[in-house]
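Take a look at the fold below. Let us walk through its helices and how they pack.

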Amino acid sequence: MDRDRTEAPHPQNPQSTATAQERKGALGLGVLLALVATVVWSGSFVATRDLADTVAPVQAVFWRWVIATAAVAPLAAREAWRQRHLIRRHLGYISLASLFGIALYNTLVHQAGLTTSASNMGMIMAASPVIMAVFARLGGERLGAVRTFGMLLAAFGVLLLVGKGSLTVDFAAGDLWMFAAALSFASYSALLKRKPAEISGLTFLLTTFVLGALMLAPAYAVSVAVQGGFEVTTRSVGPLLYVGILSSAVAFFAWNKAVSMIGAARAGVVYYLQPVCVALLSFLLLGEQTGPVQLLCMALILGGVALGARK
């Protein structure tokens with residue numbers, strides 16, 4: 001027997017290698033799309049807070065979705081018409097997604113903007129991935145020890161950030177509205193995992209925007225009758241265009257695609273970056289300073305995101 005003889009390595013299966021590479025690429029793209037949505041939504045909290053001084057919440061949300069519908073319609077209207085039979089078949093599901101993700105969530109966010117800061121809005125919304133993970137676990141998705149630890153670490157960082165370094169937090173009315181918004185958004189993200197595969201992303205997006213605007217129309221009419229309309233100025237139109245086109249059309253498309261690729265729980269962990277993004281935008285746009293406590297909390301959040309996004 002020749003001891004110098006080495007055993008030939010087993011050849012790798014090209015198909016399994018390609019499949020692994022595809023999964024890795026999908027994971028990377030999904031995380032990137034979730035990050036794009038998170039960054040854009042972070043800016044929307046600044047815009048929403050600014051709108052609170054000039055436009056009533058329901059009116060702002062209604063026009064947000066009218067603008068979003070106008071932005072998406074040229075790209076999605078023809079495809080939505082071809083899939084109208086699928087829309088009718090799944091109208092109950094689409095209506096539920098429209099209620100939680102379009103009408104209810106955004107109304108709660110704009111309502112919160114009346115009595116809390118943009119920074120608090122972004123920080124509290126970072127609690128929604130915890131709810132997303134709970135929903136995912138109830139739905140049978142295994143989170144794993146590392147991802148669970150990352151989620152808890154990020155949640156601890158968010159709690160410290162909201163409490164300014166203390167675990168004792170005194171919430172304003174707007175903060176409670178934001179917790180309700182977080183629950184609504186988490187419900188929407190959980191529903192996305194059940195989206196019928198035969199309905200395209202653009203069709204789903206346009207349909208939910210239209211249904212969301214229709215759901216808000218009665219409340220909008222009451223608001224105009226009781227509170228009056230708003231003055232059309234650059235201060236009101238600029239933020240509305242931002243939340244209507246970028247925060248709605250672009251960010252919702254990116255988020256929906258991300259959830260379909262990597263799941264609501266993993267996308268939700270990326271969403272933990274939102275308080276960090278909001279803090280940076282507040283510093284750049286509003287001149288708010290970031291102290292040692294905020295930097296420590298951001299480090300905890302970023303570390304949790306890194307762990308939670310692992311395969």
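What follows is a tour of selected helices and the contacts between them.

This is a predicted model. Start with helix 2, which covers residues 57-82. It has 26 residues. At 1.5 Å a residue they should span 38 Å, and the end C-alpha atoms lie 35 Å apart, so the two values agree. Helix 2 also carries a kink of about 70° at Ala73. The proline Pro74 comes shortly after that kink.

Now turn to packing. Two packed helices are described by the angle between their axes and the distance between the axes. Take helix 4 (residues 91-112) and helix 9 (residues 201-227) as one case. Their axes are 8 Å apart, at an angle of about 65°. The crossing is right-handed. On the helix 4 side, the contact includes Leu91, Ile94, Leu99 and Ile102. Helix 9 contributes, among others, Phe204, Phe209, Met215 and Leu216. By class, the contact of helix 4 with helix 9 holds 12 nonpolar and six polar residues, with no charged ones.

Helix 4 also packs on helix 8. Here the axes come within 8 Å and cross at roughly 160°. An angle over 145 degrees counts as roughly antiparallel, so helix 4 is roughly antiparallel to helix 8. This crossing is left-handed. Among the helix 4 residues in the contact are Leu96, Phe100, Leu104 and Leu108. They belong to a set that meets helix 8 residues including Trp177, Met178, Phe185 and Leu191. What classes of residue make up the contact of helix 4 with helix 8? The residues divide into 17 nonpolar and five polar, and no charged residue takes part.

Helix 8 (residues 173-192) has another partner, helix 10 (residues 234-262). Their axes come within 9 Å and cross at roughly 55°. That makes helix 8 oblique to helix 10. The crossing is right-handed. Phe185, Tyr188, Ser189 and Leu192 of helix 8 make the contact with Phe252, Trp255, Asn256 and Val259 of helix 10. Six of the residues in this contact are nonpolar, two are polar and none is charged. Phe185, Tyr188 and Leu192 also appear in the contact of helix 8 with helix 4.

Finish with helix 10 itself. Where does helix 10 kink? The kink is centred on Ala251 and measures about 35°. Just after helix 10 comes Gly263, with a positive phi of about 90°.

Notes
Residues are numbered from 1 along each chain as its sequence is written. This is a predicted model: local features need pLDDT of at least 70, side-chain atom pairs count only at pLDDT 80 or more; totals for chains, interfaces and linings use all residues. Side-chain values use heavy atoms; hydrogens and water are left out. Helices (H or I, at least four residues) and strands (E, at least two) are DSSP runs, numbered from the N terminus. The expected span of a helix is 1.5 Å times one less than its number of residues. The bend at a residue is the angle between axes fitted to the seven residues ending there and the seven starting there. Axes are lines fitted to C-alpha atoms, for helices over the stretch in contact, and angles run from 0 to 180 degrees between N-to-C directions. Angles under 35 degrees count as roughly parallel, over 145 as roughly antiparallel, 65 to 115 as roughly perpendicular and the rest as oblique. A crossing is left-handed if the near helix is turned anticlockwise from the far one by less than a right angle, and right-handed if clockwise. Contact means heavy atoms within 4.5 Å. Ala, Val, Leu, Ile, Met, Phe, Trp, Tyr, Cys and Pro count as nonpolar, Asp, Glu, Lys and Arg as charged, and the others, Gly among them, as polar.
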